Amino acid sequence: MYIQRESYLEMIKSVTGKHIIKVLTGMRRVGKSVILEQIQKQLLSDGVPQEQIISINFELMEFESIRNYQLLEKYISKHMVTGRKYYIFLDEVQEVKGFEKVVNSLHAKGNAELFITGSNSNLLSGELATYLTGRFYSIEILPLSFKEIYQYIPGSTREEKFLVFIRGGGMPGILQFEENSIAKNYLLDMYQSILLRDIVQRHSIRNVDLLKRFMQYIFANTSQLFSAVSITKYLKNEGRNLSKETIYQYLDAAKEAFLIHGVPRFDIKGKNVLKTNKKYFMNDLGFRSLFFDNELDIGQTLENIVYLHLRKQGYEIFVGKLNDKEIDFIAVRGKEKLYIQVAYLLAELTTIEREFSPLEAINDNYTKMVISMDPVSRSRNGIIHMNIIDYLIDEL
């Protein structure tokens, strides 16, 4: 089943025809290859001849012999005829050592438009960034949002569909399975593949069992303030030792593989980013559901869903601190700023005060919101209260 990722296709369409490299990054199996296929279909429908489209997926065995930048350059050059414009698609290009040289060379020649994907967030660092500063357009592909997956989820009501989404997440591959147990096996295989290929192998991690335990701790504590001290104590209680240096190595590796995202804290009063106690969020809640009950941890789950929604909208995101109060999200996009609190239900006065009072203490005129699963609005004092399903489906 192919789902048109319209928002991403529109972004790519806006820069197609321009002399910049289009770079799609994101976790394995998140749908980057399908988006490349959809772009190629659009080019063909626009009249571009098939022979002027060169497409290589480095996860396929048929291209294993050209996982070397010199052989790759020869292969592509052999398929190009002078005087014609070519559209070159390089999928999972990080599998080619030195790929930056080929990409830079093809771009410099001027007769090729390049589309590349990679499953490593450092794809745009190092040599590629040095070579191509200002010459590429990057898009991070996230799992399917609730809005994108809505019509394909079983359920007769919006609430039933949302519960399915909470349990299973938004990886496109799960849509091919009707049985939840089979979908979970698929997610487990995918998780283990990402863990081994993109973390263990890439970073030469020797203690795989310790890494797995570490990741489960991060999953359990998603959307909670993170402390290296607390995880050290947790592992020590299990008879295992982990240095702070290794902790941050594991975190960086998991972020590079797009398994998790780190969000820094911002002191609203002091107007500065704090260096300690980030929060970490899952890239997809389906992976968390392999080990923990997302419904049982509903507050964390809803906060994670809102985070991913904001990220997909292109916001830069912070966790807010105002004296002794915490604001779940400060989201910044250009001149726009949002302050957001996320809660399960505003059933008691103490809960209402806890969520609204930090926002009421912020002395500016930017949009302030409380998002929960309540069916009725409790908006007050200029603070918007929205049902989370309305928020995810409708544009603000």
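How many bridges join S8 to strand S9, and in which sense do the two run? Keep that question in mind while opening this predicted model, and begin with the whole chain before turning to the strands.

**The whole chain**

With the complete chain displayed, 15 helices and 12 strands can be picked out. The radius of gyration of the chain is 22 Å, close to the 21 Å that the globule rule gives for 396 residues, so the chain is as compact as a globular protein of that length. Aligned along the principal axes, the C-alpha atoms fill a box of roughly 70 × 50 × 50 Å. If you colour by accessibility, 48% of the 396 residues count as buried, while the accessible surface comes to about 19,000 Å², with 49% of it belonging to carbon and sulfur atoms. Among contacts between residues at least 6 apart in sequence, 67% join residues at least 24 apart.

**Strand S8 and its two partners**

Select residues 316-322 next, which make up strand S8; this strand is mostly covered, since five of its seven residues are buried. Now add residues 325-333, strand S9, and the opening question can be settled: six bridges join S8 to S9, and the two strands run antiparallel. Within this pairing, Lys 321 stands opposite Glu 326 of S9. Following the backbone from S8 to S9 takes you through a hairpin with two residues between the strands, where Asn 323 in the turn has a positive phi of about 55°.

For the other partner, select residues 260-267, strand S6, which pairs with S8 in the parallel sense over three bridges. To locate this pairing in the viewer, label Phe 266, whose bridge partner in S8 is Gly 320. As you inspect the side chains here, recall that in a regular strand they alternate between the two faces of the sheet.

**Aromatic pairs**

Showing the rings of the aromatic residues brings up the next theme, for the structure holds 18 aromatic pairs. One of them joins Phe 146 and Phe 165, a tilted pair at 5.4 Å centre to centre with 50° between the planes. Phe 146 lies in helix H6 (residues 146-149) and Phe 165 in helix H7 (residues 158-168), so the pair ties together parts that are 19 residues apart in sequence. Both rings belong to covered residues: Phe 146 is buried with a relative accessible area of 2%, and Phe 165 is buried with 9%.

Move from there to Phe 219 and Phe 291, which form another tilted pair, 6.0 Å centre to centre and with 45° between the planes. Phe 219 lies in helix H9 (residues 208-220), whereas Phe 291 lies in the loop between helix H12 (285-288) and helix H13 (298-312), so this pair ties together parts that are 72 residues apart in sequence. Are these two residues buried or partly exposed? Phe 219, at 0% relative accessibility, counts as buried, but Phe 291 is partly exposed, with a relative accessible area of 28%.

**A ring cluster and two charges over rings**

Return to Phe 146 and extend the selection to Tyr 150, Phe 162 and Phe 165, because ring pairs link these four residues into a cluster. Then add Lys 161, whose charged end sits over the ring of Tyr 150, 4.9 Å from its centre. As a last stop, select Lys 22 and Phe 115, where Lys 22 lies over the face of the phenylalanine ring at 5.3 Å from the ring centre.

How values were computed
Residues numbered from 1 in each chain as written. Predicted model: local features only at pLDDT ≥ 70, side-chain atom pairs only at ≥ 80, totals over all residues. Heavy atoms only, no water. Buried < 20%, exposed > 50% of the residue type's maximum accessible area, 1.4 Å probe, protein only. Pairing = 2+ DSSP bridges. Phe/Tyr/Trp six-rings, centres within 6.5 Å; stacked < 30°, edge-to-face > 60°. Lys NZ or Arg CZ within 6 Å of the ring centre and 35° of its normal. Rg over C-alpha atoms; globule rule 2.2 N^0.38 Å. Contact = heavy atoms within 4.5 Å. Areas by Shrake-Rupley, 256 points an atom, 1.4 Å probe, with all protein chains shown as cover.
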